[in-house]
Amino acid sequence: MRFLYVLIVSVLLLGCKKKESPKPPESAVLIFPEQNSECTTGEDINTETSQVEFRWQASNNTETYELIVTNLSNGNKQDITVANTRAKLPIQKGTPYSWVVISKNSAVLQTALSPTWNFYNSGFATTYAPFPAEIVAPKMGATVFKDINNEVELSWIGADVDDDIDGYEIYFSTENPPETLVFSPGVNASTRKVTVEANTVYFWRVLTTDKEGNTSDSGIFEFRAL
């Protein structure tokens, strides 16, 4: 009788056990094209375009991956959704691109974003312009508290396939677009402090120049100082 009682209680406990919730997907690890590299493996389509295969590692709890490739020269985006860990897209030769992979699972609303990598699709150029500087802080639309000296630190990261960045030009203003050149730091610089006023919106951008005279523009970012 005692055995029967234990058996019934065990069955009831098992029946009442909550079903485990589906887990959100994890971020994919990018493989190729490599970060800040020149991609030379594309298949020729014509004189201006080649087809490049993008590859990444499988991520846990993921059903599909959305690959987004952005032309850094004009901002145009291409995207494709696949169930495996590679996809091909036709892109322009001799042009800088960024790419990112979004991991998805239909059982949950959450998605996972991979890091964003930059690369140049190989073309006829013998020298390439630097990649647009990556803005680290303040990010677009951020609200930032000024320090005791009424300053905010601007931070960025520069990269170049040719590894010949010569320096930067930092434009900063309350006007959009910012046309006031406030700093011209050298290649080793990645931060600068600027004086701000509270409750004011500021705009800034970074122009990167290499030793061949090639330039790239980070685009305009804005933030509010408090």
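This is a short walk through a predicted model, from its cores to its pocket, its strands and a few unusual spots in its backbone.

Begin with the largest nonpolar core. It holds 19 residues. Trp156, Phe172, Trp204, Val206 and Phe223 have the most contacts inside it. Which elements give two or more residues to this core? They are strand S11 (131-137), strand S13 (151-159), strand S14 (165-173), strand S17 (200-210) and strand S19 (221-225). The top contributor is S14, with four residues.

Now look at valine 206. Leaving aside residues up to four places away in sequence, valine 206 touches Ala133, Ile135, Trp156, Tyr168, Glu169, Ile170, Ser216, Asp217 and Ser218. Apart from this core lies another one, with 18 residues. Val69, Leu89, Tyr97 and Val101 are among them.

Stay with S14 for a moment. Is this strand mostly covered or mostly open? It is mostly covered, since seven of its nine residues are buried. S14 pairs with S17 through eight bridges, and the two strands run antiparallel. Find glycine 167 and look across to S17. Threonine 209 stands opposite glycine 167 there. S14 also pairs with strand S15 (residues 181-183). These two strands run antiparallel as well, joined by two bridges. Here tyrosine 171 has leucine 181, in S15, as its bridge partner.

A general point helps when reading any of these strands. Side chains in a regular strand alternate between the two faces of the sheet.

Next comes S8. This strand is mostly covered too: nine of its 10 residues are buried. S8 has several pairing partners to follow. One is S5, which runs antiparallel to S8 and is joined to it by eight bridges. Look for leucine 67; its bridge partner in S8 is valine 101. Valine 101 also belongs to the core of 18 residues.

Another partner of S8 is strand S10 (residues 117-121). Five bridges link S8 and S10 in the antiparallel sense. Tyrosine 97 has phenylalanine 119, in S10, as its bridge partner. Tyrosine 97 is also one of the residues in the core of 18. Strand S9 (residues 112-113) pairs with S8 as well, antiparallel, over two bridges. In that pairing, serine 103 is matched with alanine 112 of S9.

Now turn to the open space in the model. How much space lies in the largest pocket? About 540 Å³. It is lined by 22 residues. Leu72, Ser98, Thr116, Asn118 and Glu134 are the closest to its centre. Strand S5 (64-71), strand S8 (95-104) and S11 each give two or more residues to the lining. S11 supplies the largest share, four residues. S11 is also one of the strands that give two or more residues to the largest core. What classes of residue make up the lining? There are nine nonpolar, 10 polar and three charged residues.

Threonine 49 makes a useful single stop. Its place is in strand S4 (residues 49-56). Is threonine 49 buried or exposed? It is buried, because its relative accessible area is 18%, and buried means under 20%. Not counting residues up to four places away in sequence, threonine 49 touches Asp44, Pro90, Ile91, Gln92 and Lys93.

Finally, check the backbone in the loops. Where are the cis peptide bonds? One joins phenylalanine 32 and proline 33, with omega about 5 degrees. Proline 33 sits in the loop between strand S1 (30-32) and strand S2 (37-39). Another cis peptide bond joins alanine 137 and proline 138, with omega about -10 degrees. Proline 138 lies in the loop between S11 and strand S12 (142-144).

Two residues show a positive phi without being glycine. Aspartate 163 has a phi near 55 degrees. It is found in the loop between S13 and S14. Aspartate 163 counts as exposed because its relative accessibility is 69%, and exposed means over 50%. Asparagine 199 also has a phi near 55 degrees. Its loop lies between strand S16 (191-195) and S17. Asparagine 199 is exposed too, with a relative accessible area of 55%.

Key: Residues numbered from 1 in each chain as written. Predicted model: local features only at pLDDT ≥ 70, side-chain atom pairs only at ≥ 80, totals over all residues. Heavy atoms only, no water. Core = buried A, V, L, I, M, F, W, Y, C linked by side-chain atoms within 4.5 Å. Buried < 20%, exposed > 50% of the residue type's maximum accessible area, 1.4 Å probe, protein only. Contact = heavy atoms within 4.5 Å. 1 Å grid on protein atoms, 1.4 Å probe; cavity = no way out; pocket = protein on both sides within 12 Å on 5 of 7 lines; lining within 4 Å. Points joined across faces, edges and corners; volume = space filled by probe spheres on them. Nonpolar A, V, L, I, M, F, W, Y, C, P; charged D, E, K, R; others polar. Pairing = 2+ DSSP bridges.
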